[in-house]
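The following exercises are to be worked with the sequence and the coordinates at hand. Each task is followed by a solution in steps.

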Amino acid sequence: MTSTDVLTGLLLVIILARPLLGRLFEGGAVRTWTTIFVAVCVQALPFLVLGVLLSAAIAVFVPASFFARALPRRQVLAVPIAGVAGAVLPGCECSSVPVARGLMARGVAPSAALAFLLSAPAINPVVLVATSVAFPGRPQVVLARFLASLLTAVVVGWIWARFGRADWFSPARRPDLGGLRRWEAFRVSARHDFVHAGGFLVIGGLTAATLNVAVPRSVLDAVASSHWLSVLALAGLAVVLAICSEADAFVAASLTQFSLTAKLAFMVVGPTVDVKLVALQAGTFGRRFAIRFAPLTFVIAVLASFVIGGWLLS
Amino acid sequence: MNRDTQSVLLVLLGGAVVRISVDDTYLRYVRSWTRPYLLTAGAVLIVLGLASLWREHLARRSAGATPAAPPAPVGPAAPIGPIGSIDPAVPAAAADHDGHDHGHGPRVAWLLLLPIFAIFLVAPPALGSYAAGRGGNNIAKPADNSSFAALPDGDPVTTTLADYATRAIWDQGRSLQGRHVRLVGFVSPRPGGGYYITRLVITCCAADARPIKIAVQGQAGQFPTDSWIEVTGSYGGMDPGTKTEQIPIIRADSVNQVKTPSEPYES
């Protein structure tokens, strides 16, 4: 039996069971869960498609020699340059993961590609403009977000350059493009990347919807008054909510009982570590990579928020 | 999962996204500005899936035509499956061969069926009173709260719940005084009796929804939870019944049930 048979069978069963589904999805919690799950998937999809197309284009149309010339050979320099280059990709975190992998496949050092992955969703112009709209009259919040996110990306990149190991990445699951014509290679690469990343995006959506419904917001009020706890609480909230980086500033601004530094942590952690993103990273680079990269990034992002927030926002 | 199945999934997912974006269904999940991006992304997925199905169909035909190709395995021994297995030119092993998958990679791709099913079969509604009950009224301080512009002309003047609540909380209701206001929202229960007229505000998608609640008093009447209503009335101060969140009151002259608006969220 091929997977096409399985698919056909599944489709038939589900369509026949449709009358039962309506009753199953009547409760408030279940309905809210389903709506949030669909919303996270639908909202992320255009960005994922954009990222997959860009990644395929990098893999097929940009010669590897381009990146060898564009980036310094020494990783100490390549990491900050790649971090700043993140400012040009106007997408959210779902695009940057496949693009970073496309860069690695083109010979860019992992540390530099990861710095790009972390900075792109956080410091691009769309996100910074959204932040300035969400915090009107407070340009220092925009500056703090830019600096703290860039600092996070560069420091994590440097740490990775020093301690990262190649065998933490799962063996490149790239389709064999040898012998294909360019557009054929583009099509095969794009479909392959999308099917992989898409499956993991769904895992992220399931997790985000579940946590969104299961974690009571009243927990937050209890910790809002403590400086240290409040920063950690909003950093943790950013991880579980998995809000698109273009929207998180508005959510941060609405958490009125928290300090500006705590809101900064929410906006610095969110685009770099959240449940949807970790699932995407695990699917793209492998689990062994994700269980090291995500905690490292979380710690550095929280520290960067304390440092920059303490300097600019207090 | 073989390549044809992957391609079919792409077409179905692209179709699901296009399906919710051609009418107003997508507004239950995301903001209206996303429509062109959703339509484009959906179209890309459909084209990618169809092109893949077509190219691989051609590749199989040419492979079947060359004399060196392995003999087709279809015969008495082949299982008679449903539609999908009418595929005489492809040996089963070749169909599932993806070279790099080692049998575990794309299994996760089956999960793509979940959003497809959720959209086509469940079509979950916009968030309502359940979601609203989980968050408090947190109205962000506006940029410059020294000068609230007067409400536009109109009697009653229709405004958003966000605008009403912002004026009530950060302008102490001054710019609402003496005005006759019309609000549209859904009913959510008020602890301790009565109900709130409620609206959820989203920035990007329903995952970032924040509620705005305004207590309806006066000629409030009774309406089922989650039904959509329009309230006309005037500013009635802040609700003393809630300690943890600031909830303004609208003193209703009349409340009517209305149709669910096509854009269920405020922004």
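## Exercise 1. Contacts and cores

Task: Identify the residues in contact with A113(A), leaving aside neighbours within four places in sequence, and place A113(A) in its nonpolar core.

Solution. The model is a predicted one.
Step 1. Once neighbours within four places in sequence are left aside, A113(A) is in contact with A82(A), A100(A), L103(A), M104(A) and V108(A).
Step 2. A113(A) belongs to the largest nonpolar core, which has 149 residues. Together with V40(A), L234(A) and V269(A), A113(A) touches the most other members of that core.
Step 3. The element that gives the most to this core is helix α3 (residues 28–61) of chain A, which contributes 20 residues.
Step 4. Another core, of 27 residues, lies apart from this one, and its members include Y195(B), I229(B), Y235(B) and I249(B).

## Exercise 2. The overall form of chain A

Task: Compare the radius of gyration of chain A with that of a compact globule of 314 residues, and describe the secondary structure and burial of the chain.

Solution.
Step 1. Chain A contains 16 helices and zero strands.
Step 2. A compact globule of 314 residues would have a radius of gyration near 20 Å; the value for chain A is 20 Å, which agrees.
Step 3. Along the principal axes, the C-alpha atoms of chain A fill a box of roughly 60 × 60 × 35 Å.
Step 4. Buried residues make up 56% of the 314 in chain A.
Step 5. Of the contacts in chain A between residues at least 6 apart in sequence, 84% join residues at least 24 apart.

## Exercise 3. Two helices of chain A

Task: Determine which residues of α12(A) are buried, and state where the buried residues of α8(A) lie around the axis.

Solution.
Step 1. Helix α12 (residues 227–241) of chain A has 15 residues. From its first C-alpha to its last, α12(A) reaches 21 Å, close to the 21 Å expected at 1.5 Å a residue.
Step 2. The buried residues in α12(A) are S230(A), V231(A), A233(A), L234(A), A235(A), L237(A), A238(A), V239(A) and L241(A). One of them, L234(A), is also among the residues that touch the most other members of the largest nonpolar core.
Step 3. Just after α12(A), a positive phi of about 55° is found at A242(A).
Step 4. In helix α8 (residues 125–134) of chain A, the buried residues are V127(A), A130(A), T131(A) and A134(A). These residues lie on the same side of α8(A), because they cover an arc of only 100° around the axis.
Step 5. The general rule is that an α-helix has 3.6 residues a turn, so residues three or four places apart point the same way.

## Exercise 4. The surroundings of S95(A)

Task: Decide whether S95(A) is buried or exposed, and list its contacts beyond four places in sequence.

Solution.
Step 1. S95(A) lies in helix α6 (residues 93–105) of chain A.
Step 2. The criterion for burial is 20 or more other C-beta atoms within 10 Å. S95(A) has 25 other C-beta atoms within 10 Å and is therefore buried.
Step 3. Not counting residues up to four places away in sequence, S95(A) touches F47(A), L48(A), L50(A), G51(A), L54(A) and L89(A).
Step 4. L150(A) is 55 residues from S95(A) along the chain, and their C-alpha atoms are separated by 18 Å.

## Exercise 5. Strand pairing in chain B

Task: Establish how the strands β2(B) to β6(B) pair, and in which sense.

Solution.
Step 1. Chain B has six helices and six strands. From the N terminus on, their order is α-α-α-α-α-β-α-β-β-β-β-β.
Step 2. Strand β2 (residues 181–189) of chain B runs antiparallel to β3(B), with four bridges between them. The bridge partner of V187(B) in β3(B) is I197(B). Five residues lie between the strands of this hairpin, where G192(B) takes a positive phi near 95°.
Step 3. Strand β3 (residues 195–201) of chain B is mostly covered, with six of its seven residues buried. β3(B) pairs with strand β4 (residues 210–218) of chain B in the antiparallel sense over seven bridges, and T198(B) stands opposite K213(B) in β4(B).
Step 4. β4(B) pairs with strand β6 (residues 248–257) of chain B in the parallel sense over four bridges. G218(B) has A252(B) in β6(B) as its bridge partner.
Step 5. Strand β5 (residues 228–238) of chain B and β6(B) run antiparallel, joined by eight bridges. I229(B) has Q257(B) in β6(B) as its bridge partner.

Note on methods. Residues are numbered from 1 along each chain as its sequence is written. Chains are lettered from A and ligands numbered from 1 in the order in which they are written. This is a predicted model: local features need pLDDT of at least 70, side-chain atom pairs count only at pLDDT 80 or more; totals for chains, interfaces and linings use all residues. A nonpolar core is a set of buried Ala, Val, Leu, Ile, Met, Phe, Trp, Tyr and Cys residues joined through C-beta atoms within 7 Å. A residue is buried if 20 or more other C-beta atoms lie within 10 Å of its own, exposed if 12 or fewer, and partly exposed in between; C-beta atoms are placed from the backbone. Helices (H or I, at least four residues) and strands (E, at least two) are DSSP runs, numbered from the N terminus. Two residues are in contact if their C-beta atoms, placed from the backbone, lie within 7 Å. The expected span of a helix is 1.5 Å times one less than its number of residues. The arc is that of the directions from the helix axis to the C-beta atoms. Two strands pair if DSSP finds at least two bridges between them. The radius of gyration is taken over C-alpha atoms; the globule rule is 2.2 Å times the number of residues to the power 0.38.
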